[in-house]
Amino acid sequence: MAIGLTPYLRFAGVAREAMEYYHSVLGGEYSAMTFREGAGEENPQFADNIMHASLFVERGVHFMASDVPPTMNATPNGVIALSNDGNGDGAADADTLRGWWDKFADDSTIDIPLETAPWGDSFGQLTDRYGVTWMFNIGAQ
């Protein structure tokens, strides 16, 4: 299938900080454009906020984000689920996911500890300092 699913996160003035944090946790290729750069915005209260940010992470994981204009409300970003699907190198994928969990866990609220779930995989959930909830499901090896 050639269709991709890309979570798009919306923030109220902290998109740059959040995406730089995600880049430090997940790695990958990060880019950002401000409203000044992309739309010629001159309002000093908003011009340097993020109009478009992109984080391409290895294995096709892609996140995008922006700050909402001051006239709009930033809505909750929902839940992002990260899991390995059993294809490829299961042990390496599990190690990558555990590494991401550990980095997020250092600075997040643990909602559900990463533990063996009734279905046999390791499952955990946390909410980061930007209010984004992350679910991890790591396939049993």
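Q: In the hairpin of β7 and β8, which glycine takes a positive phi?
A: This is a predicted model, so let us take the hairpin as the model shows it. The hairpin of β7 and β8 has 4 residues between the strands. One residue there has a positive phi, near 85 degrees, and that residue is glycine 131.

Q: How many bridges pair β7 and β8?
A: These two strands run in the antiparallel sense. One facing pair along them is threonine 127 with threonine 133 in β8. Over the whole pairing of β7 and β8, the count of bridges is 6.

Q: Is strand β8 largely enclosed or open, and how many of its residues are buried?
A: Strand β8 covers residues 133-138. A residue counts as buried when its relative accessible area is under 20%. Strand β8 is largely enclosed by the rest of the structure because, of its 6 residues, the number buried is 5.

Q: Which residue in β8 is the bridge partner of serine 83?
A: Strand β5 joins β8 through 5 bridges, and the two run parallel. Serine 83 has its bridge partner in β8, and that partner is asparagine 137.

Q: Which residue in β7 does glutamate 115 stand opposite?
A: Strand β7 spans residues 122-128 and is joined to β6 by 6 bridges. The two strands run antiparallel. Across from glutamate 115, in β7, stands phenylalanine 123.

Q: In what order do the strands of the open sheet stand, and which are the edge strands?
A: The sheet has 4 strands and its pairing is mixed. You can see both senses in it: β5 and β8 run parallel, while β7 and β8 pair in the antiparallel sense. The order is β5-β8-β7-β6. Pairing on one side only, the edge strands are β5 (79-83) and β6 (108-116).

Q: Where does this leave the chain as a whole: how many helices and strands are there?
A: Starting at the N terminus, the elements run β-α-β-α-β-β-β-α-β-β-β. In total, that comes to 3 helices and 8 strands.

Q: What share of the residues in the chain is buried?
A: The chain has 141 residues, and its C-alpha trace spans about 55 × 30 × 25 Å along the principal axes. Its accessible surface comes to about 8,000 Å², with 51% belonging to carbon and sulfur atoms. The share of residues that are buried is 39%.

Q: How far apart are the mean positions of the positive and negative charges?
A: The chain carries 7 positive and 20 negative charges. Taking the mean position of each group, the two points are apart by 3 Å.

Definitions and conventions. Residues numbered from 1 in each chain as written. Predicted model: local features only at pLDDT ≥ 70, side-chain atom pairs only at ≥ 80, totals over all residues. Heavy atoms only, no water. Pairing = 2+ DSSP bridges. Buried < 20%, exposed > 50% of the residue type's maximum accessible area, 1.4 Å probe, protein only. Areas by Shrake-Rupley, 256 points an atom, 1.4 Å probe, with all protein chains shown as cover. Lys, Arg positive; Asp, Glu negative; His and termini not counted. Charge placed at Lys NZ, Arg CZ, Asp CG, Glu CD.
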